[in-house]
Amino acid sequence: MVLLQLRSLRSWLLSSEHSFRETLNSIFWLSCLLGLVFVQFRRLVVRLLRLGRVKAHRHGPTVQHLWNICFYASATIFLLLYQALLIRPEVMRETGKYFPQYINAIFATACDPAKFEIVTVVLVSYRVLTTVTQLSRGDYSVAFSGALNAALLLCCFALRLENYSILLNLYLAVYGAGEEAFLLAASRTVQPQWLTTFALLKCGTWIYLFLNLLPFEFLIPTLYARRELLPLKVCYWLWYCSCVWNSPLLKLLYHKIYHLHPHDCAGGGSAFRCILSDDWQNFRHFRNLKQAYLELKLHESKEKVNKVTLTDVSAKTAYQTIKCVLTLKRKLKKMRENKASLEHQD
């Protein structure tokens, strides 16, 4: 079954014309293939981490960060060459005409639909795999943002907006590689000054990309695009709002409002560590284990106190009993002595 699907995927890659349903089918099977590659990658990295004597609870986040860094770095190099060698010459040639086909070069259509489709399928497959991973970790808002990003890529492919999709993914790949590098470095350090530096770098890169670059290069042109691009407007706005919702700035505000105690935060009360922390599932797990352990110790201490109290009460009762018995014996002895003295007098 798997071999048949891989053969169908190979035939899809070699063919030039196929339906949107076949594209979705190829995305599904390519996501499964990426999942198998990730499993092998995880095994290899875990072996190396064990040789380096890294603690077991850090294996999962470290593997995830390294996997994302490898993919984003590869995507950055490929998309940069793709945009420079295939798209930019066509855009420059078209904009040099007296009557260009488009007003804004960002809405340039695909010069090679087959290559554009392959790139879209690979990027969407990676987003699907990342979304499934985030759902398994409990990061539902981040997973929803990833699903919206995949929908945006499919929308760009359906509208044949090659330059739009490639540029957007190039910016996101550069940002993703930097963000994952910051998170990986922050997970390996405990010095407050380095944590502050990494948190400021993460916030600065997010502000530059989502508040400076994307609004002027994508958001405003998309807002004033022609009516035929209405699906693109809807997908982009939903995805952009989800990115703002998951931003480190709102994460900092959430920390100030709701993390009133160090036990409520994965950063242990530190705002910068909270921004750089993304392993909330393990944090909740260990927090629940710690709370259960403390409750068990409290219950045992209460039982010990009750046992000590009962022992003291029993000792006091026995002491009072013995005291009463001795008092009665003395009284009986005096009564006998008084009776014997009276008889002797008679």
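# Exercises on a predicted helical model

In this predicted model, the side chains of R137 and D139 form a salt bridge, with an N to O distance of 3.7 Å. The exercises below start from that pair and move on to the fold, the annotated spans and single residues.

## Exercise 1. Salt bridges

Task: State how many salt bridges the model has, and describe the surroundings of the residues in each pair.

Solution.

Step 1. Apply the distance rule: a side-chain nitrogen of Lys or Arg has to lie within 4 Å of a carboxyl oxygen of Asp or Glu. The count under this rule is three.

Step 2. Take R137 and D139. Their N to O distance is 3.7 Å, and both residues are buried.

Step 3. Take K202 and E179. Their side chains are joined by a salt bridge, N to O, at 3.7 Å. This pair links distant parts of the chain, with K202 in helix α7 (residues 192-223) and E179 in helix α6 (residues 162-187), 23 residues apart. K202 has a relative accessible area of 8%, so it is classed as buried.

Step 4. Take R226 and E228. The salt bridge between their side chains has an N to O distance of 3.8 Å. R226 has 48% relative accessibility and is therefore partly exposed. E228 reaches 55% and is therefore exposed; the cut-off for exposed is over 50%.

## Exercise 2. The fold as a whole

Task: Give the secondary structure content of the chain, then its burial and its surface.

Solution.

Step 1. Count the elements. There are eleven helices and zero strands. Written in sequence order, the pattern is α-α-α-α-α-α-α-α-α-α-α.

Step 2. Turn to burial. The chain has 346 residues, and 37% of them count as buried.

Step 3. Look at the contacts. Among contacts in the chain with a separation of 6 or more, 68% are between residues 24 or more positions apart.

Step 4. Look at the surface. The accessible surface of the chain is about 22100 Å², and carbon and sulfur atoms contribute 65% of it.

## Exercise 3. Annotated spans

Task: Which residues does UniProt list as "transmembrane region", and what is the secondary structure of residues 27-45 and of residues 166-186?

Solution.

Step 1. Read the record. The unreviewed UniProt entry lists residues 27-45, 66-85, 140-159 and 166-186 under this name.

Step 2. Examine residues 27-45 in the model. This span is 100% helix and 0% strand, with its end C-alpha atoms 26 Å apart.

Step 3. Examine residues 166-186. Here too the chain is 100% helix and 0% strand, and 30 Å separates the end C-alpha atoms.

## Exercise 4. S247 and the loop after α8

Task: Is S247 buried or exposed, and which backbone atoms does its side chain reach?

Solution.

Step 1. Place the residue. S247 sits in the loop between α8 and α9 (248-258).

Step 2. Check accessibility. The relative accessibility of S247 is 2%, so S247 is buried; the cut-off is under 20%.

Step 3. List the polar contacts. The S247 side chain reaches the backbone oxygen of V244 at 2.8 Å. A polar atom of the same side chain lies 3.3 Å from the backbone nitrogen of L250.

Step 4. Follow L250. This residue lies in helix α9. With a relative accessible area of 33%, L250 is partly exposed.

Step 5. Place L250 in its patch. W245, L250, L253, Y254, I257 and Y258 make up a nonpolar surface patch with about 680 Å² of accessible area together. Helix α9 supplies the largest share of the patch, five residues.

## Exercise 5. Two partly exposed helix residues

Task: Locate W237 and T197, and describe what lies around them.

Solution.

Step 1. W237 is in helix α8 (residues 230-245). Its relative accessibility is 35%, so W237 is partly exposed.

Step 2. Setting aside neighbours within four places in sequence, W237 is in contact with L219 and L223. The C-alpha atom of W237 is 9.7 Å from that of L152, although the two are 85 residues apart along the chain.

Step 3. T197 is in helix α7. T197 also has a relative accessible area of 35% and is therefore partly exposed. The C-alpha atoms of T197 and A186 are 9.4 Å apart, with their positions eleven residues apart along the chain.

Definitions and conventions:
Residues are numbered from 1 along each chain as its sequence is written. This is a predicted model: local features need pLDDT of at least 70, side-chain atom pairs count only at pLDDT 80 or more; totals for chains, interfaces and linings use all residues. Side-chain values use heavy atoms; hydrogens and water are left out. Buried means under 20% relative accessible area, exposed over 50%, partly exposed in between (1.4 Å probe, protein chains only). Helices (H or I, at least four residues) and strands (E, at least two) are DSSP runs, numbered from the N terminus. UniProt positions are given in the numbering used here, feature names are shortened, and annotations may be inferred rather than shown by experiment. Contact means heavy atoms within 4.5 Å. Accessible areas come from the Shrake-Rupley method with a 1.4 Å probe; for residues, only the protein chains shown count as cover. A polar contact is a pair of N or O atoms within 3.5 Å; within protein, one must be able to donate a hydrogen and the other to accept it, and residues adjacent in sequence count only if both atoms are side-chain atoms. Patches are made of residues with over 30% relative accessible area and no salt bridge: like charges are joined within 9 Å, nonpolar side chains (Val, Leu, Ile, Met, Phe, Trp, Tyr) within 5 Å.
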